[in-house]
Amino acid sequence: SSDIVVYSAIGASDAAGLGATPFENGYVYLLADRIGESGRECELHNEGIIGATGEDIVAFELPSVLDADPDIVTVWMGANDVLSGHAPDLFEAHLRTVLGALRTRTGAIVFMADLPDLTMTPELIADPVPGITTEDIAEYNRRIAAVAAETGCILVWLSGLPLSPDIFS
């Protein structure tokens with residue numbers, strides 16, 4: 001029915017709601033609530049898997065999202081790839097697979113978020129990981145912006161937000 005908006009979320013711990021108390025205070029659930037406040041029912045398919053990398057998202061989340069035939073999709077991926085030391089080319093290949101499939105196999109509006117400066121997370125401030133730099137994150141964000149533009153997805157520019165350690169959960 002046109003009174004139902006199908007919303008699918010792709011991501012990792014952020015989509016799953018990890019750190020929110022309760023999980024339903026995570027951004028995916030809050031967005032679903034906002035859609036519901038518009039007078040239309042929101043059918044939520046939250047595919048977020050804690051710890052998911054691009055490879056996991058392609059293998060385990062994308063097929064379920066395609067089956068749901070969503071109207072709206074949010075995608076926030078890349079943080080676990082950066083933290084795992086995955087090369088930007090590998091991440092970009094997975095991102096192209098995800099965004100390309102969403103744009104060609106669904107009629108969904110797709111929102112793709114880039115990465116905030118992960119070096120500002122409390123964990124990395126307390127215990128920096130060699131090789132994870134603001135330059136690495138900027139390179140991932142260049143790839144995210146390019147693929148989002150090429151596939152006609154809407155870029156959510158999280159990297160432009162001012163960050164402080166207290167906003168991370």
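Buried means under 20% relative accessible area, exposed over 50%, and partly exposed in between. The model used here is predicted.

**Exercise 1.** Classify I50 as buried, partly exposed or exposed, and place it in the structure.

*Solution.* Start with the value: I50 has 49% relative accessibility. Exposed requires over 50%. I50 therefore counts as partly exposed. Next, locate it: I50 sits in the loop between β2 (41–46) and α3 (54–68). Finally, look at its partners. I50 forms a nonpolar surface patch with L18 and F23, and together they have about 280 Å² of accessible area.

**Exercise 2.** Check the span of α3, then find its kink and its buried residues.

*Solution.* Take the 15 residues of α3 at 1.5 Å a residue; the expected span is 21 Å. The end C-alpha atoms are 20 Å apart, which agrees. Now the kink: about 45° at E61, shortly before the proline P63. E61 is also among the buried residues of α3, which include G54, I57 and L62. The cover over these buried residues includes β1 (4–10), β2 and α5 (88–105). Just after α3, D69 takes a positive phi of about 50°.

**Exercise 3.** Trace the salt bridges of R143 to D89 and E139.

*Solution.* Begin with D89: its closest N–O distance to R143 is 2.6 Å. D89 lies in α5 and R143 in α7 (residues 134–151), so the pair ties together parts 54 residues apart in sequence. Compare burial: D89 is exposed at 54%, while R143 is buried at 16%. Then take E139, which meets R143 at 2.6 Å, N to O. Both lie in α7, four residues apart, about one turn of the helix. The wider salt-bridge network links D89, E139 and R143 with E92, R96, R142 and E150.

How values were computed. Residues are numbered from 1 along each chain as its sequence is written. This is a predicted model: local features need pLDDT of at least 70, side-chain atom pairs count only at pLDDT 80 or more; totals for chains, interfaces and linings use all residues. Side-chain values use heavy atoms; hydrogens and water are left out. Patches are made of residues with over 30% relative accessible area and no salt bridge: like charges are joined within 9 Å, nonpolar side chains (Val, Leu, Ile, Met, Phe, Trp, Tyr) within 5 Å. Accessible areas come from the Shrake-Rupley method with a 1.4 Å probe; for residues, only the protein chains shown count as cover. A salt bridge is a side-chain nitrogen of Lys or Arg within 4 Å of a carboxyl oxygen of Asp or Glu. Helices (H or I, at least four residues) and strands (E, at least two) are DSSP runs, numbered from the N terminus. Buried means under 20% relative accessible area, exposed over 50%, partly exposed in between (1.4 Å probe, protein chains only). The expected span of a helix is 1.5 Å times one less than its number of residues. The bend at a residue is the angle between axes fitted to the seven residues ending there and the seven starting there. Contact means heavy atoms within 4.5 Å.
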